Each structure stands twice: as structure tokens, then as C-alpha cells.
Amino acid sequence: MQRIPEEKIDEIRSQVDIVDVVGNYVQLKKQGRNYTGLCPFHGEKTPSFSVSPEKQIFHCFGCGKGGNVFSFLMQIDGLSFVESVKKVADLAHIPLDVAISQGDSSPGNKPDSQESKMIEIHQLASKLYHYLLMETEEGQDALQYLLDRGMSEQELDHFEIGFAPAHASTVTTFLKKREVDLALAVESGLLTERDDGEIVDRFRNRIMFPIKNDRGQLVGFSGRLFNQEDGPKYLNSPETPIFNKRNILYHFSDARQEIRKKEEILLLEGYMDVISSVSATFSNGVASMGTSLTDEHVQMIRRVTNRAIICYDGDRAGIEASFKAGTMLAEQHRLEVFVLQLPNGKDPDDFIRSEGAEKFAEIYTHQRLTWTAFKLQFFKRNRNLQNETDKIAYLGEALAEIGKLDQAVERELYLKQLGSEFDLSMEALKQQLQQTVVVKPKPHDYGGPPPESYGEYPSYEGDGGPVYEQFSFAQPSGVPSAGLTSEKRLLKYMLEDRDAFIQIRNLLEEHQTDFYHDNYKALYTHLIGFYASGNDANPLALMDQLKDDMARNLVSELEMMTVNTDVSIEEYQDYVQSLTKSSIERDIKEKEQALLTATQQGDMPAALELARTITTMRATMKNTPN
């Protein structure tokens, strides 16, 4: 198996500006020497994501993710290292004269690239299915069904929709003639093996929807019944090495660019809904594969946007699914969520084809419900608001939701709506809100710089019950200790200068001290191996060799630091002595705790020995220069 030479990797990396690559995924704005934007890896409203054209790295000061152009593509598109290098090479128009196996560096892929062969098998089958639908007499009934539903031939071509005949061996015979490994086709989910060992087609007499993963690779199918035959309405590919419904959103890879452009994703329930939304110029639509949203789906969404528009079917099941999905997105993952409710319980496909794209656009743009507004409507379901008991119960639920809002203006707006609807005064509603809702501030999810403002939030203060206070966050770790600052600066110098690495390593050995924090200690170990291999200082090349995301994130964080470049060995020595002093301070605290325990247990000999040790250690620390 050939690998890309280091020189080639360096050439490819140097020919592409990371700002141009990241700019295809994140809206960046120039700010001083760097570019900033909203992080694609976690939800945020205040930009903490930074890209340095000088260093050719990115780093998020919120969630901590960082790296170079290759690691960015690996994380944003789910690529292996080799695939990311290939993608950057294509952007730079640099030919790669080595054979690149899809499984080369991806830990989840088999060495012989069986997954890539499975994908090729699906591509062959997809072309066959599409031909059978569009060009054969056998596919005419299925084609007419789709045309009668309002689909155009252009849509059928664009989405590569096909037809699987009722015969048991149409695809099996097709693949056999092309000398495809049928056992591998069975493993891929395209074919199935009967109890007697005969291999046959899995999909029969169904309209076929090709399914791509987030990289645009064809990994499965969903087959839909279109006549009155028995069986499930939709039959999906089984779980295979390349297909897992938890990780796939229909149309996601094709919608990604439009999602970024619109800065929001349209979540739909079915394939036909997606196809109709695209015909209505809403190409940011995606659908889950007949399953609820998963954490994996949400992580995919958060890579490209922080806002989701839910437009599920308007029937009872669709409304409940909207509530479940919105709760996951807004309350568990803190995305901004809106809900579209289509009239008369219609699904998006029926609505667009019957009412037209313009009417759908009107609802999409001007009639979307905020997540709070939708929840207030949802809580009214199955309640008789003419009944006092139901009315009071609903008001309690509504006030609990309003109390969760960050902004005072939002709370005021919904309180006024409740007051108008039920003829209640604002004073009474506010008083009830204080008595009903107690929500304590949540810690900042991601660390790093806190958001600028979160409005007011109800919380406890002493015994006086809930009161409103400013809802804000402090830096989680407070002011960095001298030892932590010293660790960061020493590693920063060692990253960027081989001679500095040698000098600092000698000082660490001389003072018999080491880095304290595990991730800093791990990076120091990586640096020892990196320089021992004959490398010169090169943080970007080091990132390519780091398999640990935490280590790569730390390198990007250190590279974003600004330090004095004119530094002497005496300054290195000061930082090393700071590490020594911090180590002694930690040891003293441990001994003081042991002394307290010994005293409480009446073990005076041990207590006296610990007291003498502490006194000696304090004297040593006192003699350690600051």
C-alpha cells in the first residue's frame, strides 16, 4: 500500500490557503491579523472560531478544536487523512501520482478497502435501477406513478431515482456478468442469501431512492412500494459496514452548500418531501431515514449550521415528531429552532405540489413559529381551555417554558400574549412566574470566552425565593496559575524552535521536573519523538502525525498564543523553576491533607513526621527563585 511522501504533503499544504478552504464552510470576517466566524463544530452565537493565515491553522476558543487544513477537512467532512490530502491536492490542482486507497489512513476502513468496493457495487446498481425506470417497458408503471405524483423527469434524473423489478435475480445476474464478488454484495446489503444458499436481489418491485453518506458516497437504498402488494411501504438497506441510519441524512451531502448559504437546515420526514422542497428552490432540505433524529445526526447538522427549521407532516404523528426533534435540537444541543406547520395536516410534498412553491415559501419565510411559540401551541393539545383545571394546568406549563427564555424581551412578549388570550394582567403573570419557575444558571458548555449577554434568568437568592438576576458566566478555570502559564510558554517555544526544545529539555532534566497536566505532558512526549526523527520545527507537520485530537487541539491553541520571540535561556530557566515551584506547592497540599488526617486519627508520630516534611518543603520552595 503506497502512502503519500512527506515532501508531497508539505507541497500540497503550502499551495492552499486555509482561509480559502475554511471559508467554503464558515462565513469568515477579517479581524486584525486573523479571520473569525461561528464555530462549525459546536453551537454558538458569539464567534469564537479563529483562522490564522500566517500560521495556517484554525482554533476555536470555545470548544477547543483546532488543527491545520487537513485536520479541518477530516473533522468537517469526516474524511480520513489521505482523503483530506487528496481533496486539498485537487483544490491546488496538484496531481498525486500515488495510488490512494480509501482505507489507507482511516481507522474504520478495512486494509483491502472492502468498503470502497461496496460503494462501487451500489453505484453500478444505481445506474441499472435508473435505466430500468426511465428506459424500459418493465419500469413504465413505476415511472407513470411518479409522474402522476407530479415529479418531472428532470427530478428523477437529478435524484437518480430507479426501479427494482419483481424478478429475484435482476441485479444478481447483472453483477455476476461484471464479475462482482456476490458475497461482498450480500455483505453490502444489496443482495441477500436464502436459507438454501442461493443469492438473490434484496429489493424487488420497488421504486428505488439512492442514499448517500455525508461525503456524497452511495452507500444504500430505500425501496418504496407503489402498488397494492403486501410488505412495508419503505424497505431500507440493512446496517452494513457502509450504511447506518444513525449516521445518514438523506440529501445532506448535496444540501450542505445551500445550508451554509441560507445559514439554516430544513428538516423533513420523507424522500418525496425533500425532492419537492428542492423543486420549490429550498435545496437545504434533508430527511432522516424513517427514524428519529440521533445525536450523530445533530453533530452532522452542527458542523454546517446552528439553526434548524422543522417541517414534518401536519398530522398528529408529525406534530409529536416535531416536538421530539425540537426538544433534542433546542434543549439538548442548544440550536436555534423554528417549526413550520402546514395547513390541513398536509405533508410538505402534498402541500408544495397542490398549493405551489410560492405558498410554501410564504409559510417558510413569514409564518415560521419560534420553538417557544410551537411549544405553547403543543401544550394546548388535548386540553379543554374552557375548563378551569385544564386552563390552570396549561398556564403552569406555559409559564415554565417562558421562564426558560434567556432574554427579558422574549419573556415580556409571550407573557403579553398569555395575558391577552386569557384576560390576565401582566402583574399577575409575573408574580406567578416568580412563584412557579426556578431555573439556575447552567455552566458554559464549551469553556473559553463566555457569551457577551444572556439576559436575565430566575434563580434562588438566600431564603427570599426566586428573584431575577443577570445571567452571565465566569471563566471556568479563572486566572491561569503561574505553573500553567509556564507550561504553555515552554511548549510554545519548543514547538517553534528546535534549539529551544533542546535547551528547555536540558533544563527540565537538570531541575528534575516535568510538565504536570496530562495533555501537556503528552504533547511534550510527541515532540521528543518528532525531533528525534530528524524533523525541524514545523507545527503543521507535527499536527499531521498526531492521532490524538486533544494533542492537535493543544498545538493549535499554543500556535494562536502571542509571546515574546526574543527570548533568552534565562527566561526558559524562570519558567522551568516555576514548574518546580508549582510541583512543590502541590506536594505540600497533599502532605497538609495527610497531616490533617493523621491528627484526626490521633497518629501523632506520623503527624510530627509530616509536619517536619512540610517545613522542609516550604523552605525549599522559599529558596526557589520566582
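1. Two strands count as paired here if DSSP finds at least two bridges between them. With that in hand, look at β10 (residues 218–224) and β11 in this predicted model: the two run antiparallel and share 3 bridges. One contact to check by eye is Arg224, whose bridge partner in β11 is Tyr234.

2. Now the sheet around that pair. The sheet is open, with 4 strands in the order β6-β9-β10-β11, and the pairing is antiparallel. At the edges sit β6 (162–164) and β11 (234–236), each of which pairs on one side only. From one strand to the next, the twist averages 35°.

3. What packs on the sheet? Helix α5 (residues 114–135) does, touching β6, β9 (206–212) and β10. The direction of α5 makes about 35° with that of β10.

4. Over to helix α18 (residues 408–422). The helix has 15 residues, and from first C-alpha to last it reaches 21 Å, close to the 21 Å expected at 1.5 Å a residue.

5. Which residues of α18 are buried? They are Arg411, Tyr414, Leu415, Leu418, Gly419 and Phe422. Seen down the axis of α18, these buried residues fall within an arc of 145°, so they line one face of the helix. As a reminder, an α-helix has 3.6 residues a turn, so residues three or four places apart point the same way. On the other side of α18, Val409 and Ser420 are exposed.

6. A last thing to look at: just after α18, Asp423 takes a positive phi of about 55°.

Terms used
Residues are numbered from 1 along each chain as its sequence is written. This is a predicted model: local features need pLDDT of at least 70, side-chain atom pairs count only at pLDDT 80 or more; totals for chains, interfaces and linings use all residues. Side-chain values use heavy atoms; hydrogens and water are left out. Axes are lines fitted to C-alpha atoms, for helices over the stretch in contact, and angles run from 0 to 180 degrees between N-to-C directions. Contact means heavy atoms within 4.5 Å. The expected span of a helix is 1.5 Å times one less than its number of residues. Buried means under 20% relative accessible area, exposed over 50%, partly exposed in between (1.4 Å probe, protein chains only). The arc is that of the directions from the helix axis to the C-beta atoms.
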